[in-house]
Amino acid sequence: MREEVTRARRIVVKVGSSSLTTAAGGLDADRVDALVDTLAKAGERKEIVLVSSGAIAAGLAPLGLDRRPRDLARQQAAASVGQGLLVARYTASFARYGRRVGQVLLTTVDTSRRAHYRNAYRTLDQLLAMGAVPIVNENDTVATDEIRFGDNDRLAALVAHLVRADLLVLLSDVDGLYDGDPSTPGTSRIAEVAGPQDLDGVSIGSAGKAGVGTGGMVTKVEAARIAAAAGIPVVLTSASRAADALAGRSTGTYFHRTGRRSTDRLLWLAHASAPQGALTLDDGAVRAVLDGGASLLPAGIAAVEGEFSAGDPVELRDTTGRAVARGLVGYDAAELPRLLGRSTRDLAKELGPEYEREVVHRDDLVVLRP
């Protein structure tokens with residue numbers, strides 16, 4: 001038995017489109033009910049947050065689409081139809097157990113700003129306190145390419161951190177991570193991952209079997225890495241083995257925690273924010289930020305790119321253009337050109353004491369490790 005799993009009291013479960021729908025689109029009621037059976041029983045002893053894909057896939061058949069569209073407009077149309085069908089199906093299925101559900105739709109705009117993710121936490125926490133099951137999904141109906149999480153695996157890892165979960169369970173159509181293509185003879189399931197070194201030399205596939213989702217094993221492993229680094233263990237397995245996973249049995253692949261829980265805003269900043277611009281740092285500033293734990297001052301900035309306002313996330317780059325960090329900027333883009341390369345003391349003398357401050361404060365900065 002996996003003790004950390006059995007001890008977990010608040011669990012985020014993510015299920016992919018291929019586990020809920022047919023390959024042609026449309027919800028599979030039997031699959032949804034089977035998942036809800038497992039979650040409702042586990043929910044008698046634990047708090048469950050469900051991150052569910054499937055809105056776009058569920059909307060395909062009703063709109064006469066035979067495959068997931070490539071263009072964003074038709075994806076949004078399918079999501080608009082499918083999201084209602086998805087939540088209605090969950091509502092009816094959980095009602096068999098006298099459980100209520102609450103829909104929570106998120107975009108990166110809702111989660112990359114401090115006030116917004118606090119609101120998201122309060123909503124999710126209150127739903128759990130009132131005995132409801134939060135059903136979380138990306139808001140595909142309004143999300144644009146610039147403000148998308150990209151896949152619900154990453155969203156699930158971030159939600160797990162946001163709600164202070166004890167465990168993340170990623171469910172798909174594959175029963176774990178394999179050391180090669182699962183359909184190839186001679187490959188075997190990796191039972192445990194203690195750290196990134198355990199995946200050296202492992203070939204990770206990028207597509208699921210059903211072809212109706214956006215994720216694959218690559219996105220699931222990345223989500224597991226994000227969660228584990230934030231102090232949350234992860235079980236990766238198939239939806240058909242969800243009950244075993246939640247009971248702590250040795251199914252799927254278990255990712256041990258590799259780090260400690262970080263502050264909310266830094267995790268969201270690193271993995272969910274959409275940079276609105278970029279600041280190029282000189283070599284001294286790069287060393288100060290990466291190795292010295294320093295804030296970014298105007299004197300260390302060589303160039304400004306993009307249009308952004310104070311409080312927006314921006315990328316910090318070295319002179320080769322490589323992103324080395326991300327932070328919340330303290331100035332509007334239009335203000336910065338006249339400040340570059342100058343000391344805060346000189347700026348305060350010339351422009352006033354309000355200019356004696358950091359461009360990006362250390363508390364609002366996260367280093368991007370390769």
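Here is a quick tour of this predicted model, from the whole chain down to one sheet and one surface patch.

Let's start with the big picture. The protein chain has 370 residues, and 50% of them are buried. DSSP-style elements come to 12 helices and 13 strands. If you look at contacts with a separation of 6 or more, 73% of them link residues 24 or more positions apart. As for the outside, the chain's accessible surface is about 16,300 Å², with carbon and sulfur atoms providing 48% of that.

Now for the sheet. Eight strands make up an open sheet with mixed pairing, and reading across, the order goes β3-β4-β2-β1-β5-β7-β8-β6. At its edges sit β3 and β6, each with pairing on one side only. Strands in a sheet pair through backbone hydrogen bonds, and they can do so parallel or antiparallel. For β7 and β8, the sense is antiparallel, with three bridges between them. One residue pair to find on screen is L236 and its bridge partner T253 in β8.

Here are some of those strands with their residue ranges:

| Strand | Residues |
|---|---|
| β3 | 101-106 |
| β6 | 192-193 |
| β7 | 234-238 |
| β8 | 253-255 |

Finally, the surface. Which residues form a nonpolar patch there? They are L63, V81 and L85, and together they have about 220 Å² of accessible area. L85 belongs to helix α4, which spans residues 72-95. Its relative accessibility is 39%, so L85 counts as partly exposed, a class that falls between the buried cut-off of under 20% and the exposed cut-off of over 50%.

Key:
Residues are numbered from 1 along each chain as its sequence is written. This is a predicted model: local features need pLDDT of at least 70, side-chain atom pairs count only at pLDDT 80 or more; totals for chains, interfaces and linings use all residues. Side-chain values use heavy atoms; hydrogens and water are left out. Two strands pair if DSSP finds at least two bridges between them. Helices (H or I, at least four residues) and strands (E, at least two) are DSSP runs, numbered from the N terminus. Buried means under 20% relative accessible area, exposed over 50%, partly exposed in between (1.4 Å probe, protein chains only). Contact means heavy atoms within 4.5 Å. Accessible areas come from the Shrake-Rupley method with a 1.4 Å probe; for residues, only the protein chains shown count as cover. Patches are made of residues with over 30% relative accessible area and no salt bridge: like charges are joined within 9 Å, nonpolar side chains (Val, Leu, Ile, Met, Phe, Trp, Tyr) within 5 Å. A salt bridge is a side-chain nitrogen of Lys or Arg within 4 Å of a carboxyl oxygen of Asp or Glu.
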